[in-house]
Amino acid sequence: VELVEPGGRLVQAGGSLRLSCASSGLTFNVYTMAWFRQAPGKERELVAKINWIGSVTDYADSVKGRFTISRDDAKNTVYLQMNNLKPEDTAVYYCHAKLWNRPADSGYWGQGTQVTVSS
């Protein structure tokens, strides 16, 4: 299984960015997909997740109204549209996949991509 997130980005505060995560080696449409992030000196936190059929999404309070998670099962890809970015959004962003019916599983992680928001 492989989850690939393209390289890091630098963006100014107030700007927008779309992250993508392309998967291979798994049956994408039975996986809940999520984005996590980890800032320096902080624990990894859930940013957004989308269920296996794309009907339910959930967001961290800090990104509600600014970020949107979506999935394209035909491309085995999950996206994170990030608008009105703030310096506090600076972190390494990780893609995560977990089977919809195995909530206790650890799932799979991407290698992470650096997002830096300048003030």
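In this predicted model, arginine 71 forms a salt bridge with aspartate 73, and the closest N and O atoms of the two are 2.9 Å apart. The partners differ in how far they are covered: arginine 71 counts as buried because its relative accessibility is 15%, which is under the 20% limit, whereas aspartate 73, with a relative accessible area of 33%, is partly exposed. Side chains of opposite charge can pair when their charged atoms come close. The count of salt bridges in this model comes to six, and the points below take up some of these before turning to a threonine, two asparagines and a surface patch.

**Other salt bridges**

- Arginine 66 forms a salt bridge with aspartate 89, with 2.8 Å between the closest N and O atoms. This pair links distant parts of the chain, since arginine 66 sits in the loop between β6 (57-59) and β7 while aspartate 89 sits in the loop between β8 and β9, and the two are 23 residues apart.
- Both members of that pair, arginine 66 and aspartate 89, are buried.
- Arginine 66 and aspartate 89 also belong to a network of salt bridges, in which they are linked with Arg37 and Glu45.
- Aspartate 105 forms a salt bridge with arginine 102, and here the closest N and O atoms are 3.9 Å apart, which is within the 4 Å cut-off and therefore still counts.
- Aspartate 105 counts as partly exposed because its relative accessibility is 34%, a value between the limits of 20% and 50%, and arginine 102, at 44%, also counts as partly exposed.

**Threonine 77 and its surroundings**

- Threonine 77 is found in strand β8, which covers residues 77-82.
- Because its relative accessibility is 8%, threonine 77 counts as buried.
- A polar atom of the threonine 77 side chain lies 2.8 Å from the backbone oxygen of lysine 75.
- When residues up to four places away in sequence are left aside, threonine 77 touches Ser20, Cys21, Ala22, Phe28, Ser70, Arg71 and Asp72. One of these residues, Arg71, is the arginine that forms the salt bridge with aspartate 73 described at the start.

**Two asparagines with positive phi**

- Asparagine 76 lies in the loop between β7 (67-72) and β8, and its phi is near 55°, a positive value in a residue other than glycine.
- With a relative accessibility of 26%, asparagine 76 counts as partly exposed.
- Asparagine 84 lies in the loop between β8 and β9 (91-99), and its phi, near 50°, is likewise a positive value in a residue other than glycine.
- Asparagine 84 counts as partly exposed because its relative accessibility is 42%.

**A nonpolar patch on the surface**

- Trp52, Ile53 and Trp100 make a nonpolar surface patch of about 320 Å².
- Tryptophan 100, one of the residues in this patch, is placed in the loop between β9 and β10 (108-109).
- At 44% relative accessibility, tryptophan 100 counts as partly exposed, and because this value is over the 30% that patch residues need, tryptophan 100 can be part of such a patch.

Definitions and conventions:
Residues numbered from 1 in each chain as written. Predicted model: local features only at pLDDT ≥ 70, side-chain atom pairs only at ≥ 80, totals over all residues. Heavy atoms only, no water. Helix = DSSP H or I, 4+ residues; strand = E, 2+ residues; numbered from the N terminus. Buried < 20%, exposed > 50% of the residue type's maximum accessible area, 1.4 Å probe, protein only. Polar contact = N/O pair within 3.5 Å; in protein donor to acceptor, adjacent residues only side chain to side chain. Contact = heavy atoms within 4.5 Å. Salt bridge = Lys/Arg side-chain N within 4 Å of Asp/Glu carboxyl O. Patch = residues over 30% accessible without salt bridge, like charges linked within 9 Å, V, L, I, M, F, W, Y side chains within 5 Å. Areas by Shrake-Rupley, 256 points an atom, 1.4 Å probe, with all protein chains shown as cover.
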